[in-house]
Amino acid sequence: MTLAYPWVLVLALLPLALLWRRRAAQPVQAPVMPLGHWLAGMPGVSTHSAKNPLWLRLLTLLGWLLLVLALARPQVVGDARQLPTTGRDLMLVVDISPSMDEPDMVRQGRRINRLQAVKQVLAEFIDQRQGDRLGLILFGSQAYVQAPLTFDRTTVNILLQEAGLGMAGNATAIGDAVGLAVKRLRERPLEQRVAIVLTDGANTAGEITPDKASELAQASAVRLYTIGIGAGADSAITGLLQRNPSRDLDEALLTRMAQQTGGQYFRARNLAELSGIYASINQLEPAVQEGQFYRPVREHYVWPAALAIMLWLFALLFRRYQKRRQQPLRHGSETEKQPYV
């Protein structure tokens with residue numbers, strides 16, 4: 001327990017100073033007029049001294065001490081904690097068009113579709129980005145922000161895992177998705193703007209062309225890392241499917257977008273390559289591990305302040321009760337009591 005303003009405790013001596021000043025004052029002799037028995041019983045004339053009992057004065061003094069303690073702000077300072085306030089702003093842009101349902105990825109001997117592979121690899125990538133702000137944009141015929149930039153990596157991963165094929169339409173609007181990412185990143189610090197765009201096709205929809213979106217990204221200093229996913233023409237999966245599952249992938253476009261913005265293009269033909277790509281991006285854009293520290297503070301001034309108020313309210317009510325009890329005595333004992341005038 002510490003005090004934010006310990007010098008305020010000097011105010012606790014104020015009642016002693018007032019008491020010393022009161023005792024130092026010299027009493028003044030006043031003339032006494034023999035009118036007491038005439039004035040007793042008149043309205044506003046009391047036959048009792050107004051002096052409060054000792055316990056009530058001590059209670060008032062205790063209330064003052066508690067108020068001074070509250071003004072000094074007692075608080076408990078916790079252990080130092082690290083603030084995840086430094087790092088990069090990474091916008092994950094993921095294609096969820098129906099073509100991502102192509103089962104050309106293999107995990108533990110079992111074929112899975114591209115979106116399932118992306119969810120698995122991105123879950124590990126998101127978990128490693130401690131200290132970074134992450135956002136999630138999903139796109140198909142349209143692009144929308146599934147999660148704004150946030151430190152809450154758990155929520156971003158949950159929203160990614162809940163994404164379904166075809167939720168955003170059946171086409172592929174790469175330009176709109178990149179444009180939306182640039183819009184969300186351009187308000188962030190200049191050196192931290194990064195977008196990772198993953199798709200398995202070519203731009204087939206949208207209001208902004210990918211080249212125009214790349215220009216916007218370049219003008220806003222947003223680095224684009226583009227990933228083309230899908231099995232190659234020479235893979236074993238291709239023989240099973242009896243066709244090239246990546247025939248629609250526009251690698252030239254993705255390469256151009258990355259080079260124009262200072263990023264890099266990656267090709268993921270299987271799950272291992274996809275994992276390696278995100279590991280490479282981790283090295284190219286390392287997460288900042290060292291952040292600022294703070295010590296949480298819990299304030300406790302409210303308790304002495306509340307207790308002081310309760311004591312003073314009790315003293316006030318007691319004085320009113322005491323005054324009411326004295327009123328009948330004022331009218332019934334004129335000859336026994338001498339009024340104070």
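# Briefing: helix α9, ring pairs, salt bridges and a pocket

Helix α9 turns a face away from its buried side, and that face carries the exposed residues A252 and Q259. The model is predicted. It holds 4 aromatic pairs and 10 salt bridges. Its largest pocket encloses about 750 Å³ of space. The points below start with α9, then take up the aromatic pairs, G63, the salt bridges and the pocket.

**Helix α9**

- Helix α9 spans residues 251-260, and its buried residues are L253, L254, M257 and A258.
- Seen down the axis of α9, these buried residues fall within an arc of 130°, so they line one face of the helix.
- That buried set packs against two helices, α6 (174-185) and α7 (210-219).
- The buried residues of α9 also pack against the strands β9 (193-199), β10 (223-229) and β11 (264-268).
- After α9 comes G262, with a positive phi near 85°.

**Aromatic pairs**

- The structure has 4 aromatic pairs.
- In one of them, W55 and F314 have ring centres 6.3 Å apart and planes at 50°, so this pair is tilted.
- The tilted label follows because an angle of 50° is neither under 30 degrees, the cut-off for stacked, nor over 60, the cut-off for edge-to-face.
- W55 sits in helix α3 (residues 54-71) and F314 in helix α11 (residues 302-332), so the pair ties together parts 259 residues apart in sequence.
- W55 is partly exposed, at 41% relative accessible area.
- F314 is partly exposed too, at 44% relative accessibility.
- W55 also pairs with F318: the ring centres are 4.8 Å apart and the planes stand at 70°, so this pair is edge-to-face.
- F318 belongs to helix α11 and W55 to helix α3, so this pair ties together parts 263 residues apart in sequence.
- F318 counts as partly exposed, with a relative accessibility of 21%.
- That value falls in the partly exposed class because buried means under 20%.
- Ring pairs join W55, F314 and F318 into a cluster.

**G63 in helix α3**

- G63 has its place in helix α3.
- G63 is buried, with 0% relative accessibility.
- G63 and P304 lie 241 residues apart in sequence, yet their C-alpha atoms are 8.6 Å apart in space.
- Leaving out residues up to four places away in sequence, G63 touches A308, L311 and W312.

**Salt bridges**

- Side chains of opposite charge can pair when their charged atoms come close.
- The structure holds 10 salt bridges.
- R129 and D132 form one of them, with an N to O distance of 2.6 Å.
- Both R129 and D132 are buried.
- K212 and E215 form another, at 3.9 Å from N to O.
- That distance still qualifies because the cut-off is 4 Å.
- K212 and E215 both lie in helix α7, 3 residues apart, which is about one turn of the helix.
- E215 is partly exposed, with a relative accessible area of 42%.
- K212 is partly exposed, also with a relative accessible area of 42%.
- The side chains of E251 and R267 meet in a salt bridge at 3.6 Å, N to O.
- This pair links distant parts of the chain, with E251 in helix α9 and R267 in strand β11, 16 residues apart.
- E251 is partly exposed at 33% relative accessibility.
- R267 is buried, with a relative accessible area of 14%.
- Salt bridges with shared partners join D89, R133 and R188 into one network.

**Largest pocket**

- The largest pocket holds about 750 Å³ of space.
- Its lining has 18 residues, and the closest to the pocket centre are P15, L19, R22, R57 and L61.
- Helices α1 (14-24) and α3 are the elements that give two or more residues to this lining.
- Helix α3 also holds W55 of the ring cluster and the buried G63.

Terms used: Residues are numbered from 1 along each chain as its sequence is written. This is a predicted model: local features need pLDDT of at least 70, side-chain atom pairs count only at pLDDT 80 or more; totals for chains, interfaces and linings use all residues. Side-chain values use heavy atoms; hydrogens and water are left out. Rings of Phe, Tyr and Trp (its six-membered ring) pair if their centres lie within 6.5 Å; planes under 30 degrees apart count as stacked, over 60 as edge-to-face and the rest as tilted. Helices (H or I, at least four residues) and strands (E, at least two) are DSSP runs, numbered from the N terminus. Buried means under 20% relative accessible area, exposed over 50%, partly exposed in between (1.4 Å probe, protein chains only). The arc is that of the directions from the helix axis to the C-beta atoms. Contact means heavy atoms within 4.5 Å. On a 1 Å grid over the protein atoms alone, a cavity is a set of points where a 1.4 Å probe fits but cannot get out, and a pocket is an open set with protein on both sides within 12 Å along at least five of seven lines; lining residues have an atom within 4 Å of a point. Grid points are joined across faces, edges and corners, and a volume is the space filled by probe spheres set on the points.
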